[in-house]
Amino acid sequence: MNLGRLSIIGIILVIILELPNAIDYIKRADSEVVNVKYSEIVTNACKDATEELVVINNDKSIEMAGDGENINYEKIDFNKDKALERFYKSLYINLNIENDYAAQQVLFEHIPIKIVVGYDGYYINSWVKEYNNQKAKYETKQKWVGKMKYSKVDNKNNIKIDFTLNENVTITNKVTNQVTTGNRKDFDKKYPNSYFGREFENIRNQTIFEAVQNSVEYYTHASNNIAKKNGWKYSFKAPYVDSKLLKNISFLALMQGNGEQGVNNKFNTYGFSVSKIERKNKVYGYTKDGIKYYKENYDKNCEEIFDSEIEAAASGYRPVDPR
């Protein structure tokens, strides 16, 4: 065999060996393109959902409240069902399946988890198997789970701490079952070796993140079990929730794709997004020389956020800034 033939055979062998990697590389790139597309679609749907999410005085939407209405984010109600309806409607429009019921049902199978992050707890909408007496069979439905708290147990002091999105907390004494609510500073002296000092913000944010992330993982696993029982050929993977996105009232959703099959690997495709309610006309509170002030611009010294000057003044902040 001459050198030319050996060279040709060598080239063919290299191509055969490298072809699977090349195909996998292409499929990985394809999956990343799909992920961007799905995430854009889910982001738009989540944004639309947040516009229906908040009810003020039971008859005003967040859009109406945004026009100068003072919002108390601690006492608002959630229009979870209307928000969910708006979420799906947005998806149908963006995917051009508004009038295609069959495609809508397929889409339903791809969206196992929706989450509403609230001031003092969060809600999850996920699949459940329920028995339909009229049809005499089990059906898969989406259902809201009751409010889950941002809770952490302090065994040293025998207390349970329920955090919120600001510095207010609810303390439950595990011995006496006495419940007390107040600002974290109110408990700092009473429980000096607990979580109410300088480390409070980090611990609160970590607690909120862990609560939401653990629930996402739990309900993703449960959704995989339901999908398997239904014969749906999907494998849902729990997304990582960025803790920075859990500092305000938000709507989260996961849309799972079919994946891109390579030779050696299958690459996941999905869309995941978090859309938060943006406070309008914000002012920021800070303390200087023991005196509380508020201003329109944020900096690292700001310690609280208010929806209006009136709300800031009601919390003891004054508009005069001597700097």
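Here are some friendly questions and answers about this predicted model.

Q: How many helices and strands are there in the chain?
A: Let's start with the overall picture of this predicted model. The chain has 323 residues, and 42% of them count as buried. Its secondary structure comes to seven helices and 17 strands.

Q: Among contacts between residues at least 6 apart in sequence, what percentage join residues at least 24 apart?
A: One case of parts far along the chain coming together is Lys 276 and Lys 47, which are 229 residues apart in sequence but 7.6 Å apart in space, C-alpha to C-alpha. For the chain, counting contacts between residues at least 6 apart, the share that joins residues at least 24 apart is 57%.

Q: Which residues of the largest nonpolar core touch the most other members?
A: This core has 62 residues. Helix 6 gives the most to it, with 10 residues. The members that touch the most others are Phe 87, Ile 115, Phe 196 and Phe 251.

Q: Which residues are among the five in the other core?
A: This five-residue core lies apart from the largest one. Among its members are Val 283, Phe 306, Ala 312 and Tyr 317.

Q: Is Phe 251 buried or exposed?
A: Buried means under 20% relative accessible area. Phe 251 has a relative accessibility of 0%. Its ring partner Phe 87, at 1%, counts as buried, and Phe 251 likewise counts as buried.

Q: Why does the pair of Phe 87 and Phe 251 count as tilted?
A: The structure holds 12 aromatic pairs, and this is one of them. The ring centres are 5.5 Å apart. Planes under 30 degrees apart would be stacked and those over 60 edge-to-face, so with planes at 40 degrees the pair is tilted.

Q: How many residues apart in sequence are the parts that the pair of Phe 87 and Phe 251 ties together?
A: Phe 87 belongs to helix 3, while Phe 251 belongs to strand 11. Ring pairs also link these two with Tyr 88 and Tyr 92 into a cluster. The helix and strand positions tied together by the pair are separated in sequence by 164 residues.

Q: Where around helix 4 do its buried residues Gln 104, Leu 107 and Phe 108 lie?
A: Helix 4 runs over residues 101-108. What covers its buried residues includes helix 3, strand 5, strand 6 and strand 11. Gln 104, Leu 107 and Phe 108 cover an arc of only 105 degrees around the axis, so they are on the same side of helix 4.

Q: Which residue caps the N-terminal end of helix 4?
A: Look for a side-chain oxygen 3.3 Å from the backbone nitrogen of Ala 102. The residue that supplies this oxygen is Asp 100.

Q: Is Thr 220 buried or exposed?
A: Thr 220 sits in helix 6, which spans residues 200-230. Beyond four places in sequence, Thr 220 touches Ile 113, Phe 236, Lys 237 and Ala 238. Its relative accessibility is 3%, so Thr 220 counts as buried.

Q: What is the relative accessible area of Lys 276?
A: Lys 276 lies in strand 14. Setting aside neighbours within four places in sequence, Lys 276 contacts Asn 248, Ile 249 and Ser 250. Lys 276 is partly exposed, and its relative accessible area is 41%.

Q: Which residue lies over the face of Tyr 123?
A: There are lysines over tyrosine rings here, including Lys 295, which lies over the face of Tyr 286 at 5.1 Å from the ring centre. For Tyr 123, the residue over the face, at 4.5 Å from the ring centre, is Lys 80.

Terms used. Residues are numbered from 1 along each chain as its sequence is written. This is a predicted model: local features need pLDDT of at least 70, side-chain atom pairs count only at pLDDT 80 or more; totals for chains, interfaces and linings use all residues. Side-chain values use heavy atoms; hydrogens and water are left out. Helices (H or I, at least four residues) and strands (E, at least two) are DSSP runs, numbered from the N terminus. Buried means under 20% relative accessible area, exposed over 50%, partly exposed in between (1.4 Å probe, protein chains only). Contact means heavy atoms within 4.5 Å. The arc is that of the directions from the helix axis to the C-beta atoms. A polar contact is a pair of N or O atoms within 3.5 Å; within protein, one must be able to donate a hydrogen and the other to accept it, and residues adjacent in sequence count only if both atoms are side-chain atoms. A nonpolar core is a set of buried Ala, Val, Leu, Ile, Met, Phe, Trp, Tyr and Cys residues joined through side-chain atoms within 4.5 Å. Rings of Phe, Tyr and Trp (its six-membered ring) pair if their centres lie within 6.5 Å; planes under 30 degrees apart count as stacked, over 60 as edge-to-face and the rest as tilted. A charge sits over a ring if NZ of Lys or CZ of Arg is within 6 Å of the ring centre and within 35 degrees of the ring normal.
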